[in-house]
Amino acid sequence: TPPPPPAEVDDTSAAEAVCERLFASGVLSFEAQKIFDAEYSGHDVTWTGELESAKAFTFDLVFGSTPGTKVVVAVYELPTASYASGPIRAVVALEEGRADELNARAGETVTVSGKALRYARTKAWLASLSTSWCQWVVA
């Protein structure tokens, strides 16, 4: 049984609350997926973290067939998790042609906003965001 929601569960933009809720020790993948679907999917989020990398894409399973730039931002450091510990990353889709510019800014603190679209614990993703999307992964 997953832990009860934290008091700040209504603040879906709080990266710490979301990460702790989905990636806490004892929360199984299928439970976390149900929590994500019920409480976070489609919600707007705004998170600040360290820009790690950017890569051009022409097709993406989450972001579709419109070419763009996939950006990875570490938004929270989880001390313990069911499968891993370490940074939880937001994957953000931006317009195409931004990879070189953003890779030059790797290590800088950036703020990203979007809608939570997908949760993928097996790849350690917490959130993929774009100007209108979000997918999550924990590494």
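A salt bridge is a side-chain nitrogen of Lys or Arg within 4 Å of a carboxyl oxygen of Asp or Glu. By that rule, Glu95, Arg98 and Glu101 are linked in a network of salt bridges. The legends below describe a predicted model.

**Figure 1. Overview of the predicted model, with three helices and seven strands**. Along the sequence the elements follow the pattern α-α-β-β-β-α-β-β-β-β. The protein has 139 residues, and buried residues make up 46% of them. About 6800 Å² of the protein is exposed, and carbon and sulfur atoms supply 52% of this area. Among contacts between residues at least 6 apart in sequence, 57% join residues at least 24 apart.

**Figure 2. Close-up of helix 1, residues 15–23**. Seven of the nine residues in helix 1 are buried, so the helix is largely enclosed by the rest of the structure. The buried residues are Ala15, Ala17, Val18, Cys19, Arg21, Leu22 and Phe23. Arg21 has a relative accessibility of 6%. Because buried means under 20% relative accessible area, Arg21 counts as buried.

**Figure 3. The salt bridge between Glu39 and Arg21**. A search of the whole structure finds six salt bridges. In this one, the side chains of Glu39 and Arg21 meet with an N to O distance of 2.8 Å. Glu39 belongs to helix 2 and Arg21 to helix 1, so the pair ties together parts that are 18 residues apart in sequence. Glu39 is partly exposed, with a relative accessible area of 21%, whereas Arg21 is buried.

**Figure 4. Salt bridges of Arg98 and Arg105**. The side chains of Arg98 and Glu101 meet in a salt bridge at 2.9 Å, N to O. Glu101 is partly exposed, at 38% relative accessibility. Arg98 and Glu101 also belong to a network of salt bridges that includes Glu95. Arg105 forms a salt bridge with Glu108, and the closest N and O atoms of this pair are 2.9 Å apart. Glu108 is partly exposed at 35% relative accessibility, and Arg105 is partly exposed at 29%.

**Figure 5. The stacked pair of Phe36 and Tyr119**. Two aromatic pairs are found in a search of the whole structure. For Phe36 and Tyr119, the ring centres are 6.0 Å apart and the planes are at 25 degrees, so the pair is stacked. Phe36 lies in helix 2 (residues 29–39) and Tyr119 in strand 5 (residues 118–119), so the pair ties together parts that are 83 residues apart in sequence. Both Phe36 and Tyr119 are buried.

**Figure 6. The nonpolar cores**. The largest nonpolar core has 29 residues, of which Leu22, Trp47, Val71 and Val73 touch the most other members. Helix 1, helix 2, strand 1, strand 2, strand 3 (86–95), helix 3 (99–103) and strand 4 (109–115) are the elements that give two or more residues to this core. Another core, of five residues, lies apart from it and includes Phe57, Phe63, Val91 and Ala93.

**Figure 7. Asp60 and its contacts**. Asp60 is found in the loop between strand 1 (44–57) and strand 2 (68–78). With a relative accessible area of 10%, Asp60 is buried. The side chain of Asp60 reaches the backbone nitrogen of Phe63 at 2.9 Å. The Asp60 side chain also makes a polar contact with the side chain of Lys70, at 2.4 Å.

Key. Residues are numbered from 1 along each chain as its sequence is written. This is a predicted model: local features need pLDDT of at least 70, side-chain atom pairs count only at pLDDT 80 or more; totals for chains, interfaces and linings use all residues. Side-chain values use heavy atoms; hydrogens and water are left out. Rings of Phe, Tyr and Trp (its six-membered ring) pair if their centres lie within 6.5 Å; planes under 30 degrees apart count as stacked, over 60 as edge-to-face and the rest as tilted. Helices (H or I, at least four residues) and strands (E, at least two) are DSSP runs, numbered from the N terminus. Buried means under 20% relative accessible area, exposed over 50%, partly exposed in between (1.4 Å probe, protein chains only). A polar contact is a pair of N or O atoms within 3.5 Å; within protein, one must be able to donate a hydrogen and the other to accept it, and residues adjacent in sequence count only if both atoms are side-chain atoms. A nonpolar core is a set of buried Ala, Val, Leu, Ile, Met, Phe, Trp, Tyr and Cys residues joined through side-chain atoms within 4.5 Å. Contact means heavy atoms within 4.5 Å. Accessible areas come from the Shrake-Rupley method with a 1.4 Å probe; for residues, only the protein chains shown count as cover.
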